[in-house]
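Colleague: I would like a close look at a single part of this model, set out carefully and then placed in its surroundings. Please take your time over it.

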Amino acid sequence: MYPPITPQTADFIHRLPKTETHLHIEGALPYQLLQQLDPERFSQPQACWAQDFKWQCFEDFEHHLIEHAMQWFTTPERYYEAAKVIFAGQLAQNIRYVETSFHAGMIQFLGIPGPEILAAIHSAVPAGLEVRVFMGMARDSYNEVLGPVLDDCVEWDGLAGLDLHGVEYLPLEAWTPRLWAKARAAGLTTKAHAGEFGPAANVREAIELLGVQRIQHGVRAIEDAAVVDLAIASGATFDLCPISNVKLNVVQELEAHPIRQFFDRGLRCTISTDDPFSFGNTVEDEYAALSSGLQFSHQELAQIAKNGFEVAQLDAATRTKCIAEVDAVVADFEG
Ligand code: ADE
Ligand code: ZN
């Protein structure tokens, strides 16, 4: 358990312009929306929001998430309504740029075309927030129904990129590197969850075989120094979610999280919440955890924020402005 931060540090964290670049939209379902559907059943806060809560295993976590998400996400309008609330919460934390993914499996479960889900999320974006929408898929997603959808998706208006998620023990299938290369050729950004529950070798595979520069988690790269060196040399960014990693037991405690070593070795890291429905976290909580559990200084927290803007899909002027604003907050606190 890490101690609370000072009010000064909380203020510093709040005032930093921030990004969130690893967020599953179904895992960000605002609890208040379930409460509106069934006030009695959802009257109590969830146990999984306690700081010392641990999920039994990934499957246990995933089952709880899917069971709840399926009650809300039934139509494109429901994606719109959830996204409205999620984006308002991010703006309230002074988050300026977001990358979020929706799960390709929902296209199959719900029978809704992917472009309709995409359009619903985009139409919820408020002024002051830049949002890029990705489609996430499992390692075994290429089936009779989704295969043609995946073959077609790089052409969709408003799709920023692809992400690979779900259980990491499934093998990488041949369709995936092909689709990832096709997506990049069409100008999309490609990501992959690797080195969360799988070994460092999965991070190497994501970089060398899938060709991604954006690793989601990447925690277990710490088990092989050569993989950390490869990640740095290839210019990769790790979009880390420390509170998710502790609650899913990828690391036993925050103080043991390798983000400190990655950061010190010069690997570009960002921080995000992953699935706030199931972890009860905010982006500001992630910054606070780095401050109090891993002794990140204000300067170092500012660098994490700047890393997010460095990899963001923003025009040069907006990127420069956001980074300058981060520097101005640091200067203000030091002065
Ligand atoms: N989907 C939602 N959260 C995930 C996580 N932490 N790892 C892999 N897939 C996920
Ligand atoms: Zn994730």
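Colleague: Which residues does Met137 touch, not counting residues up to four places away in sequence?

Modeller: This is a predicted model, and what follows should be read in that light. Leaving aside residues up to four places away in sequence, Met137 touches His103, Ala104, Leu150, Leu162, Asp163, Leu164, His165, Trp175, Leu179 and Trp180. Met137 also belongs to the largest nonpolar core, a set of 110 residues in which Phe102, Met135 and Met137 are the ones that touch the most other members. The element that gives the most to this core is helix H14, which spans residues 283–294 and supplies six residues. As a general matter, nonpolar side chains tend to be buried together in soluble globular proteins.

Two of the contacts of Met137, His103 and His165, lead on to the largest pocket, where they are among the residues closest to the centre, together with Glu62, Ile66 and Gly166. The space in this pocket comes to about 590 Å³, and 29 residues line it. Helix H3 (58–72) and helix H5 (105–110) each supply at least two residues of that lining, with H3 giving the most, seven residues. Sorted by class, the lining of the largest pocket is made up of 13 nonpolar, 10 polar and six charged residues.

Another contact of Met137, Asp163, leads to the largest cavity, where Asp163 is part of a lining that also includes Thr21, His22, Leu23, His24, Glu99, Thr100, Ser101, Phe134, Lys191 and Gln216. Strands S1 and S2 (95–103) are the elements that give two or more residues to this lining, and the largest share, four residues, comes from S1. The cavity has a volume of about 50 Å³, and a search of the whole structure finds one cavity of 30 Å³ or more. Its lining holds two nonpolar, six polar and three charged residues.

Strand S1 (18–24) then leads to the second largest pocket, since it is listed with helix H2 (31–37), helix H4 (76–92) and helix H13 (276–279) as an element that gives two or more residues to the lining there. H4 gives the most to that lining, with four residues. About 410 Å³ of space lies in this second pocket, which is lined by 20 residues, and those nearest its centre are Ala28, Gln93, Pro276, Asn281 and Thr282. By class, the lining of the second largest pocket has 11 nonpolar, eight polar and one charged residues.

Helix H2 brings in the aromatic rings, of which the structure holds 13 pairs. In one of these pairs the ring centres of Tyr31 and Phe42 are 5.9 Å apart and the planes stand at 85°, so the pair counts as edge-to-face. Tyr31 lies in helix H2 and Phe42 in the loop between H2 and H3, 11 residues apart, and the pair thus links distant parts of the chain. Both Tyr31 and Phe42 are buried. Elsewhere, ring pairs link Phe53, Trp55, Phe58, Phe61, Phe197 and Phe279 into a cluster.

A last residue worth setting beside these is Val227, which has its place in helix H10 (residues 225–233). Val227 is buried, with a relative accessible area of 1%, and, not counting residues up to four places away in sequence, touches Ala200, Val203, Arg204 and Ala221. The C-alpha atoms of Val227 and Ile86 are separated by 35 Å, with their positions 141 residues apart along the chain.

Methods. Residues are numbered from 1 along each chain as its sequence is written. Chains are lettered from A and ligands numbered from 1 in the order in which they are written. This is a predicted model: local features need pLDDT of at least 70, side-chain atom pairs count only at pLDDT 80 or more; totals for chains, interfaces and linings use all residues. Side-chain values use heavy atoms; hydrogens and water are left out. A nonpolar core is a set of buried Ala, Val, Leu, Ile, Met, Phe, Trp, Tyr and Cys residues joined through side-chain atoms within 4.5 Å. Buried means under 20% relative accessible area, exposed over 50%, partly exposed in between (1.4 Å probe, protein chains only). Contact means heavy atoms within 4.5 Å. On a 1 Å grid over the protein atoms alone, a cavity is a set of points where a 1.4 Å probe fits but cannot get out, and a pocket is an open set with protein on both sides within 12 Å along at least five of seven lines; lining residues have an atom within 4 Å of a point. Grid points are joined across faces, edges and corners, and a volume is the space filled by probe spheres set on the points. Ala, Val, Leu, Ile, Met, Phe, Trp, Tyr, Cys and Pro count as nonpolar, Asp, Glu, Lys and Arg as charged, and the others, Gly among them, as polar. Rings of Phe, Tyr and Trp (its six-membered ring) pair if their centres lie within 6.5 Å; planes under 30 degrees apart count as stacked, over 60 as edge-to-face and the rest as tilted.
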